[in-house]
Amino acid sequence: MTRVTQQTARIVFFISAAASAMAAALVFGFLLVFGFPLIGGGEFFSLLARPWSPGQGLYGFLPMTMGTAAISFLSIVFAFPLSLGTVCFMGGLGPARISRLLDGFVRFMTGIPTVIYGFLGIFLLVPVVRTLFTSAGSGMCILSASLMLSLLVSPTMIIFFKDGFDSVDFRYIRAADALGADSVQRLIYVILPGAWPGIVTGVIMGLGRAMGDTLIALMIAGNAVHVPGSILDSARTLTSHIALVSASDYESLAFKSIFACGLTLYVLNALAVIAVRRLGRKRGQV
Amino acid sequence: MNIRILGGCLRVFSWGAVLLLTGSVLVLLGYLLVKGVPSLGRELIFGQVDVLDAVLLRKRVFDGLFPAIAGTLSVVLLSVGLAIPVGVCAGIYMSEFATVLQQRVFGLMFDILAGIPSIVIGLFGFSGAIFIHKYVSNDFRPCLAVSVVALAFLVLPYITRTTQASMQGLSIQTRQAALALGATRVQNIFYVLLPQSFSGILSGIILAIGRCAEDTAVIMLTGVVATAGIPGSLLGSYEALPFYIYYISSQYTDATELMSGYGAAIILLVVCAVLFVLAFIIKRRLAGPAGPVAGEFHG
């Protein structure tokens with residue numbers, strides 16, 4: 001009897017694990033099947049670099065690719081110094097008590113809903129951008145979206161940076177202390193050089209988070225379908241393009257193109273995950 | 001000499017970064033509270049309808065957030081309820097039975113699943129709905145059931161990972177005591193390992209609830225609408241708080257509607273903050289700081 005229970009339990013556990021793992025493949029499969037008419041002809045890669053003009057039968061999503069690239073890179077440019085400074089603060093430059101509070105605050109930030117950032121972006125940030133830069137038009141532009149996004153990705157980056165800081169061998173830090181290093185010297189000579197895998201991981205995860213976010217870009221980047229020329233231009237990201245699907249005609253090429261967008265996002269994310277796991281193995285984890 | 005200047009710069013830089021980051025978040029949330037708090041009240045949620053009538057579903061609420069709150073509540077409960085059994089079982093397998101190869105392959109798949117942008121999960125749910133519409137039933141459209149399944153996909157890897165991590169974190173003494181007394185592996189899992197890692201799993205589940213409650217991208221492709229009333233069936237449309245916030249921000253017609261958007265944003269923020277604090281406390285209180293509590297068991 002117990003043998004049977006043992007076996008059943010084990011099989012149930014295995015099926016759950018295998019099914020959960022298959023879920024990732026299932027999502028990929030659905031995107032592939034639905035996007036197939038576009039991908040089948042080997043056109044997929046040329047689509048990435050072709051303009052969008054449904055009137056002429058062109059369904060390339062160059063504007064969306066550029067929009068995603070511009071908004072997510074710019075948000076990392078804003079978030080990187082913020083996050084690095086914050087982690088240095090927690091890594092010994094700031095008072096310990098404030099650092100602990102800050103740690104809680106950063107973790108709290110991970111829980112702030114992105115739709116709230118978007119909402120406040122519309123009513124607080126966009127008017128400010130509109131007043132400061134007259135050429136920004138309505139104020140809904142790449143700059144607004146990436147400023148808001150930088151707040152979304154900072155906690156992710158800070159947590160991974162801090163992980164990298166904490167993974168530095170404690171004996172090195174003790175040795176530096178014993179040699180009379182102060183907190184700045186310890187940071188510059190010991191911790192920062194040892195923490196680079198964590199920093200790279202944090203940047204990749206931050207980029208992934210920025211690329212994958214929908215609501216902020218959808219609400220405050222303006223969603224215009226053209227290749228952006230400056231950071232004050234309106235832009236549409238791959239994620240917003242999917243969100244704005246008008247499902248009137250399931251057979252149209254315009255509709256199929258959103259699956260190509262989805263596939264692109266999926267593949268970029270999978271590559272980021274693999275890169276991060278490689279880095280983790282280098283650090284002796286995973 | 002150089003290091004001193006560099007150190008000074010670094011100090012200023014780190015203080016500046018901290019002040020800028022916390023300052024901008026506090027300004028944003030402060031603005032939300034200042035603008036939105038006046039709108040909070042019974043009317044915001046129930047409109048002109050009596051509270052008891054609304055909760056007992058005797059009268060329909062047209063001008064309040066009650067249907068959106070009910071929609072969010074049902075979609076969250078159903079999807080987390082769907083994800084918990086599968087996720088916890090998968091986590092147990094990963095921690096207790098998986099071979100090294102399985103840990104690698106499944107682990108990679110979980111990481112990929114966890115990283116898929118939520119709009120792509122939404123697209124997956126949407127295409128699933130089209131598939132059923134085409135091949136099974138012509139009446140099938142994106143609905144509550146589709147959202148529930150898609151959101152379950154979204155939080156499954158969280159639950160699996162936290163289960164796995166908190167079970168693997170147990171000390172070797174805890175792991176082997178029952179086995180040494182003759183318990184089977186499955187008995188050991190259910191009577192010792194699961195109860196011991198309960199707090200870790202629970203805090204993971206609470207974070208998953210928060211993730212479901214705040215997600216907008218998945219549901220906007222899988223059946224949420226602006227007005228639907230209280231969700232009545234798994235195959236019907238429903239309203240949800242985060243979608244309401246998104247919808248109002250672009251479609252508001254007068255100041256009252258905009259104010260209800262602020263109110264909805266405050267409610268959603270408070271729900272997420274409470275869940276977050278709850279998860280934090282459970283992790284701290286029940287698990288305790290690793291050292292001393294583990295010592296108590298042995299002492």
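How many residues does helix α3 of chain A have, and how far does the helix reach from its first C-alpha to its last? Helix α3 covers residues 62–93, which gives 32 residues, and the reach is 44 Å. That is close to the 46 Å expected at 1.5 Å a residue. Keep in mind as you look around that this is a predicted model.

**Two helices to start with**

Helix α3 of chain A has a bend in it: about 30°, at A:Ala79. Look a little further along and you'll meet a proline, A:Pro81, which follows within four residues of the bend.

Now hop over to chain B and find helix α5, residues 100–115. This helix has 16 residues and reaches 22 Å from its first C-alpha to its last, close to the 22 Å expected at 1.5 Å a residue. Several of its residues are buried, among them B:Phe106, B:Phe110, B:Ile112 and B:Leu113. B:Gln102 and B:Gly107 are buried too.

**Chain A as a whole**

Let's zoom out. Chain A has 12 helices and 2 strands. Starting from the N terminus, you pass two helices, then the two strands, and after that the elements are helices up to the end. Of the 286 residues in chain A, 53% are buried. What about contacts along the chain? Take those in chain A between residues at least 6 apart in sequence: 71% of them join residues at least 24 apart.

**Where the chains meet**

How many residues of chain A are in contact with chain B? There are 81 of them, and they touch 78 residues of chain B. Between them, the two chains bury about 7200 Å², with 83% of that on carbon and sulfur atoms. As for polar contacts, 7 residue pairs turn up across the interface of chain A and chain B, counting pairs with both residues at pLDDT 80 or more. On the side of chain A that touches chain B, the largest share comes from helix α1 (residues 2–39), which supplies 19 residues.

**Salt bridges**

The whole structure holds 9 salt bridges over all chains. Between chain A and chain B the count is 1. Here are three from the structure:

| Pair | N to O distance |
|---|---|
| A:Lys162 and A:Asp166 | 3.6 Å |
| A:Asp169 and A:Arg171 | 2.9 Å |
| B:Asp111 and A:Arg277 | 2.8 Å |

Take A:Lys162 and A:Asp166: both sit in helix α6 (residues 142–166) of chain A, 4 residues apart, which is about one turn of the helix. A:Asp166 counts as exposed because its relative accessible area is 54%, over the 50% cut-off.

Next come A:Asp169 and A:Arg171, whose side chains meet in a salt bridge. A:Asp169 is partly exposed, with a relative accessible area of 27%, whereas A:Arg171 is exposed at 63%.

The remaining pair in the table, with B:Asp111 and A:Arg277, crosses between chains: B:Asp111 is in helix α5 of chain B, and A:Arg277 is in helix α12 (residues 253–282) of chain A. Is A:Arg277 buried or exposed? It's buried, at 7% relative accessibility, while B:Asp111 is partly exposed at 23%. There's a further partner here as well: salt bridges that share partners join A:Arg277, B:Asp111 and B:Arg161 into one network.

**Two loop residues worth a look**

A:Thr214 lies in the loop between α9 (196–212) and α10 (215–220) of chain A. Which residues does A:Thr214 touch, leaving out those up to four places away in sequence? In chain A they are A:Thr239, A:Ser240 and A:Ala243, and in chain B they are B:Ile119 and B:Ala217. With a relative accessible area of 2%, A:Thr214 is under the 20% cut-off, so this residue counts as buried.

Further along, A:Asn223 is in the loop between α10 and α11 (238–243) of chain A. Most residues other than glycine have a negative phi. A:Asn223 isn't a glycine, yet its phi is positive, at about 65°. This asparagine is buried as well, at 15% relative accessibility.

Key
Residues are numbered from 1 along each chain as its sequence is written. Chains are lettered from A and ligands numbered from 1 in the order in which they are written. This is a predicted model: local features need pLDDT of at least 70, side-chain atom pairs count only at pLDDT 80 or more; totals for chains, interfaces and linings use all residues. Side-chain values use heavy atoms; hydrogens and water are left out. The expected span of a helix is 1.5 Å times one less than its number of residues. The bend at a residue is the angle between axes fitted to the seven residues ending there and the seven starting there. Buried means under 20% relative accessible area, exposed over 50%, partly exposed in between (1.4 Å probe, protein chains only). Contact means heavy atoms within 4.5 Å. Buried area is the accessible area (1.4 Å probe) that two parts lose on being put together, summed over both. A salt bridge is a side-chain nitrogen of Lys or Arg within 4 Å of a carboxyl oxygen of Asp or Glu. A polar contact is a pair of N or O atoms within 3.5 Å; within protein, one must be able to donate a hydrogen and the other to accept it, and residues adjacent in sequence count only if both atoms are side-chain atoms.
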